[in-house]
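Thanks for asking me to look this one over. A few numbered points follow, beginning with one residue and then moving out to the sheet.

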Amino acid sequence: MLLSEKLNASVSSDWPSGEYDRDAMEFFLSCFEKGGKLAEGWYGWYAINIAVSGERTLVGSGGYFGPPDSNGIVEIGYSVLPSWQCRGYATEIVNLLISHACSFEETNSIIAHTAPENKASKKVLISNGFREVTMNDGLLSFEYTR
């Protein structure tokens, strides 16, 4: 598989997981292609577990829906394969996404959305300093403010 080769990591047959599906991957690819140098560091990232033995395994992904908008708002998304959930990967992914976004002066706040029944995702966002702000189209919206 090309992804496994590019990441130098094993990739489960369960990949992709969650909402990070083929449509999402194609969307991010088109954003990279259109965005040029300004797109670097935004959009998709992959989370790799590196075992003590050195074995590398793709466990999840995270990223942005683009650089900060004109109001300094950045939206994030993340996903962890089911077999790797409840091990702290989502919390770490979100923490790193916050750190990276906040390293840019123009970032004022970060938003994320999750389904009301996704208790694990809500816990991850709250533990990373997000607060629930609204519910739209059946999804809860969370915001992290610098």
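1. In this predicted model, Gly129 touches two residues beyond its neighbours within four places in sequence: Glu143 and Tyr144. Phe142 lies 13 residues from Gly129 along the sequence, and their C-alpha atoms are 9.6 Å apart in space.

2. Where does Gly129 sit? You will find Gly129 in the loop that links α4 (119-127) to β5 (131-136). Its relative accessible area is 45%, so Gly129 counts as partly exposed, a class that lies between the cut-offs of 20% for buried and 50% for exposed.

3. The strand after that loop, β5, is joined to β6 (residues 139-145) by five bridges, and the two run antiparallel. Within this pairing, Glu132 has Phe142 of β6 as its bridge partner. As a general reminder, backbone hydrogen bonds are what pair the strands of a sheet, whether parallel or antiparallel.

4. Stepping back, the sheet is open and has six strands, in the order β1-β2-β3-β4-β6-β5, with mixed pairing. The edge positions belong to β1 (44-50) and β5; each has a single partner strand, so one side of each lacks a neighbour in the sheet. On average, neighbouring strands are turned by 30 degrees against each other, direction ignored.

5. Finally, which strands does α3 lie across? Helix α3 (residues 89-102) lies across β1, β2 (56-64), β3 (73-80), β4 (109-114) and β6. Relative to β3, helix α3 runs at about 155 degrees.

Conventions:
Residues numbered from 1 in each chain as written. Predicted model: local features only at pLDDT ≥ 70, side-chain atom pairs only at ≥ 80, totals over all residues. Heavy atoms only, no water. Helix = DSSP H or I, 4+ residues; strand = E, 2+ residues; numbered from the N terminus. Buried < 20%, exposed > 50% of the residue type's maximum accessible area, 1.4 Å probe, protein only. Contact = heavy atoms within 4.5 Å. Pairing = 2+ DSSP bridges. Axes fitted to C-alpha atoms, helices over the stretch in contact; angles between N-to-C directions.
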